[in-house]
Amino acid sequence: MAIISNSIQNNSQGTSSGISSSRSQAYRSGSSTLHLQEGQTLKGVVSDVHGSEITLSMEDGSSFTGKLPDASQYSIGQKAAFQITSLDQNTIYMKAVSGAYLLDIEDTIEQALEEAALPKSDRNIEVVRSLLQNQQSISRENIMASIQLCARFPKVDVNAIITMKRLNLPMTQESVKQFENYQNQNHQLLNKMDSLTNDIGNMLNSIGSQVPRLAAEIGSRILAMVLEGNPTPEEQALLEKTASADNVLLENPEGEDAVPADPKQTAETGTAKAGSPEGADGNAARPAETEIISPGDPAKAEQAQGPFARMKQLFTTLTDGNAAARTALTESGLSEDFRTPFIHEQTGFILSPEERQSFSAFLSDYPLSDEGKQALADGTATARQLLSEIKNMLPELTEEQAGKLLTSRSFQNLVKAQFISGWTVSPEQLKKEQALDIIYDKMSRQFESLSHFSEQVLGKDVFSQLTQHASDMSNNLDFMKMMNQTFQYIQLPLKLQNQTAHGDLYVMTRKEALRRNPGKLSVLLHLDMDHLGTLDIQILKENTAVSANFFVSTKETKDLLERNIELLNDAINEQGYAFTSQLSMKEKDMDVVKDFIGADAPVGDLKRYNFDLRA
């Protein structure tokens, strides 16, 4: 039976004025009567805690719910005892019995299943254990509902389902799978990009070697997809720098007619001529806002004016491998010189000198321009330029030529690099408004297209691995979009000067708190980099006061940051902020689900974590 008291008072002083002196009292509950007596002790397991209300499931199977000021001190699954100090008609006064003890979690699970008259199967045990871990009620009704919910997703980890239920996240087969990926730290888009582009290369190889009659069509479709969108800021700056230095005609990135390198006609698409779709829609062309500064040119870097330029130079030093970083890393034994004269999009970055020479020789019998072959050989051609020219020549090729081209490892690597370039964001791109929106929209379209590519082109799903990986990445993006209705989080697939790097950006302050106090913000940037290792930066902002805590994984990285951190301090202080920074060794990895999505307290409550996330 269940008895609901008006209040349960943690009153160790006994009766108060107005309370009946009767030593016993009968309470009606439905058709049953429960006799309670002053001094009696009620023992059981805490089966639910909600605000100041606590529910005690007693040994006889009945449950008792009442109000307790310090109810939050109790945990679901805890064995508790309360002594009745006084009774009246409407109120039962009780006190907690000192020395109340905890059941072993396994005993608690077994007792909960026994009281619910449910079998002690492995799955049921896992359900109750997860309810306890998530501080959820272990009443019979909630256990039954949770078992039924988990039965809908028999192949998914029980704890992922119970956690999603507690957070009121929508549950579908796709969202539950993605939540499990995030829970198991298998969510990084950057790693999945590598697998997906390898699948694309395998598909091209299979088509070229087994059905060369389809090689030209398949190749054209893939190239049309990979060339979608505008050149990156780095590509655009390179094109304009080349045009300015040589005063020559620029090739249209999409393979159309060349146009003069007139700044008035230079659009973000590269070199769109007047009258083209890029010029017709009113998007006035503009030159690149920044100039590429060679890593080995400190004199030119010194000419950069303003604190933002200095801040950019700091992050260039720390992440992009300029002279100071190379010297510091070499001295610390972390790395040799890892400088490259090429940007990510150039063939010189994508292919080794030997691969470029070999691929240029391979293309000698193809109708590719001599300029294109030479630019490939010396590494100055961008993948976009070379693939655009290849796309234009595909219809002229024989089946044998098209098939051999698709099986070329160098061609596959160029396609892979161009896809990844379009799915990653550089620090320069991050300066532009809606840069991430544009890249994520592009990813979403292309992942969706690739997930149906085989069926659309061949009429059946021949390349199931490609389909599966593309669908998984598309669902990953949908899950992030769904999460961002409540949690402000985004993955940052970063393109740095000499590497790609995974990043996570967490806004630790909940949206509701931001609306109440927009001047107070807490964010966490997590980076996984080749040379610096794992780097977590916690940034706290309250009005004009800004503090940054850097958590590093190695002493060498900590020493490197200490030698350069004043650059960042000066740059931000010059903007009118009161900026402070601190460096610490990282002791614990950030758990997306446990420490961010699934945190009980508001994630912005730094006292809860004390950032021994050490993130």
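Let me start with helix α22, residues 464-483, in this predicted model. At 1.5 Å a residue, its 20 residues should span 28 Å, and the C-alpha atoms at its ends lie 28 Å apart, so the two values agree.

Which residues of α22 are buried? There are Leu466, Thr467, Ala470, Asp472, Met473, Ser474, Asn476, Leu477, Phe479, Met480, Met482 and Met483. When you read such a list, keep one rule in mind: an α-helix has 3.6 residues a turn, so residues three or four places apart point the same way. You can try that on Leu466 and Ala470, both on the buried list of α22.

Next, a pair of helices. Two packed helices are described by the angle between their axes and the distance between the axes. Here the pair is α7, residues 215-226, and α16, residues 383-393. Their axes come within 10 Å and cross at roughly 145°. The crossing of α7 and α16 is left-handed. Which residues make the contact? From α7 they are Ser220, Leu223, Ala224 and Val226, and from α16 they are Leu387, Ile390 and Lys391. Sorted by class, this contact has five nonpolar residues, one polar and one charged.

Now the sheet. Six strands form an open sheet with mixed pairing, and the order is β10-β11-β12-β13-β14-β15. Why do β10 and β15 each have one side without a neighbour in the sheet? β10 (488-495) and β15 (578-585) stand at the edges and have a single partner strand each, so one side of each is left free of a neighbour there. On average, neighbouring strands of this sheet are turned by 15° against each other, with direction ignored.

Let me go through some of the pairings. Strand β11, residues 500-507, runs antiparallel to β12, residues 520-529, and six bridges join them. One bridge partner to look for is Leu525 in β12, which goes with Leu505. β12 is also joined to β13, residues 533-542, by ten bridges, and these strands run antiparallel. In β13, Lys541 is the bridge partner of Leu521. How many residues lie between β12 and β13 in their hairpin? Three residues lie between them.

At the β15 edge the pairing is parallel: β14, residues 545-552, and β15 are paired over eight bridges. Val546 stands opposite Phe579 in β15.

One last point for looking at the strands on screen. In a regular strand the side chains alternate between the two faces of the sheet. That is everything I have for today.

Note on methods. Residues are numbered from 1 along each chain as its sequence is written. This is a predicted model: local features need pLDDT of at least 70, side-chain atom pairs count only at pLDDT 80 or more; totals for chains, interfaces and linings use all residues. Side-chain values use heavy atoms; hydrogens and water are left out. Axes are lines fitted to C-alpha atoms, for helices over the stretch in contact, and angles run from 0 to 180 degrees between N-to-C directions. Helices (H or I, at least four residues) and strands (E, at least two) are DSSP runs, numbered from the N terminus. A crossing is left-handed if the near helix is turned anticlockwise from the far one by less than a right angle, and right-handed if clockwise. Contact means heavy atoms within 4.5 Å. Ala, Val, Leu, Ile, Met, Phe, Trp, Tyr, Cys and Pro count as nonpolar, Asp, Glu, Lys and Arg as charged, and the others, Gly among them, as polar. Two strands pair if DSSP finds at least two bridges between them. The expected span of a helix is 1.5 Å times one less than its number of residues. Buried means under 20% relative accessible area, exposed over 50%, partly exposed in between (1.4 Å probe, protein chains only).
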